[in-house]
Each structure stands twice: as structure tokens, then as C-alpha cells.
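Student: I've got a structure open and I keep running into words like "buried" and "salt bridge". Can we go through what earns a residue those labels?

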Amino acid sequence: MEGNEPDPRFTLANERTFLTWLSTSLALCAGGIGLAVAPENVFGSWVRIPLAVVLVLLAAVAAGSAYPRWRRIQVALRRDEPLPPPALAPLLGYGVAAVAVLALVFVFLNR
């Protein structure tokens, strides 16, 4: 990689962030699978499957974007440039919030 070697603390912080994106991806995937295999009396399959698919797709996006983001940040650190904004954060934040709100609505509708 071109540029100067950054402070090791910044490189290690970037690595921790990369690993956090991966663990977030695993949690989203586990949540999606858990929702998909939930009993029929919790939600109908017409609710469970779309919500599960959204969670697993968010997991795939998070995992697939983790390394390119790590790389962009590492390059910016080496070049002493501003760090790129976390473009993925709003997508994950709003996506998980939407799934949570829809799940809550369906919980109250199934009472």
C-alpha cells in the first residue's frame, strides 16, 4: 500500500471496526434465520419470511462492505487524507429500525 505507515493505534482501531462490521453481519444473519424458523403462531409466514430476508440481505451488505471500507480507511490513513463517511451506517440503521417497527406492529396485531 502506498503512503506512510499510520500510527498503529489507528490501524488497529480500523481493524476493530472491520471486525465489528463482521460481527454485526453475523448478528443480523442469526436474527434473520431465527425469525425465519419462528413458529407459525408467532407470525404468519407472509410476515416472517420478508422480514427475515431483509435481515439476511442487510447481513450480506454489511459483510460484503466491511473489507472495502477497511481498505478505503487504511488508504486514507496512509495518505493523511480525511476518512470516508460511513455510507453503510444509515442503510443498516434504517433497515434494522424498519424491521423492528414492522415486527412490533405485527406483534400487536397478533394479540
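Tutor: Sure, let's take the labels one at a time; keep in mind that this is a predicted model.

Student: Why is Arg48 called buried?

Tutor: Buried means under 20% relative accessible area. Arg48, which lies in helix α2 (residues 45-79), comes out at 5%, so Arg48 counts as buried.

Student: What makes Arg48 and Glu40 a salt bridge?

Tutor: The cut-off is a side-chain nitrogen of Lys or Arg within 4 Å of a carboxyl oxygen of Asp or Glu. For Arg48 and Glu40 the N to O value is 2.6 Å, so the pair passes. Glu40 has 53% relative accessibility, and the line for exposed is over 50%, so Glu40 is exposed.

Student: How do you know that Arg48 has a polar contact with Ala38?

Tutor: The pair of N or O atoms has to be within 3.5 Å. The backbone oxygen of Ala38 is 3.3 Å from a polar atom of the Arg48 side chain, so that fits the limit.

Student: How many salt bridges are there by this rule?

Tutor: Three. One of them joins the side chains of Arg78 and Glu5 at 2.9 Å, N to O.

Student: Why does the Arg78 and Glu5 pair tie together parts that are apart in sequence?

Tutor: Arg78 lies in helix α2 while Glu5 is in the segment before α1, so the pair links parts 73 residues apart in sequence. Arg78 has a relative accessible area of 15%, under the 20% limit, so Arg78 is buried. Glu5, at 57%, is over 50% and therefore exposed.

Student: And what makes Arg9 and Asp7 a salt bridge?

Tutor: Their side chains meet at 2.5 Å, N to O, within 4 Å, so the label holds. Arg9 is exposed, with a relative accessible area of 60%. Asp7 has 25%, which falls between the two limits, so Asp7 is partly exposed.

Student: What about Ile33: buried, exposed or partly exposed?

Tutor: Partly exposed, because 48% relative accessibility is neither under 20% nor over 50%. Ile33 lies in helix α1. Together with Val37 and Val56, Ile33 forms a nonpolar patch on the surface, with about 260 Å² of accessible area together.

Student: Which residues have the most contacts inside the largest nonpolar core?

Tutor: That core has 17 residues, and those with the most contacts inside it are Trp21, Leu28, Leu35, Phe43, Leu51 and Leu92. Helix α2 gives the largest share, eight residues.

Notes. Residues are numbered from 1 along each chain as its sequence is written. This is a predicted model: local features need pLDDT of at least 70, side-chain atom pairs count only at pLDDT 80 or more; totals for chains, interfaces and linings use all residues. Side-chain values use heavy atoms; hydrogens and water are left out. Helices (H or I, at least four residues) and strands (E, at least two) are DSSP runs, numbered from the N terminus. Buried means under 20% relative accessible area, exposed over 50%, partly exposed in between (1.4 Å probe, protein chains only). A polar contact is a pair of N or O atoms within 3.5 Å; within protein, one must be able to donate a hydrogen and the other to accept it, and residues adjacent in sequence count only if both atoms are side-chain atoms. A nonpolar core is a set of buried Ala, Val, Leu, Ile, Met, Phe, Trp, Tyr and Cys residues joined through side-chain atoms within 4.5 Å. Patches are made of residues with over 30% relative accessible area and no salt bridge: like charges are joined within 9 Å, nonpolar side chains (Val, Leu, Ile, Met, Phe, Trp, Tyr) within 5 Å. Accessible areas come from the Shrake-Rupley method with a 1.4 Å probe; for residues, only the protein chains shown count as cover.
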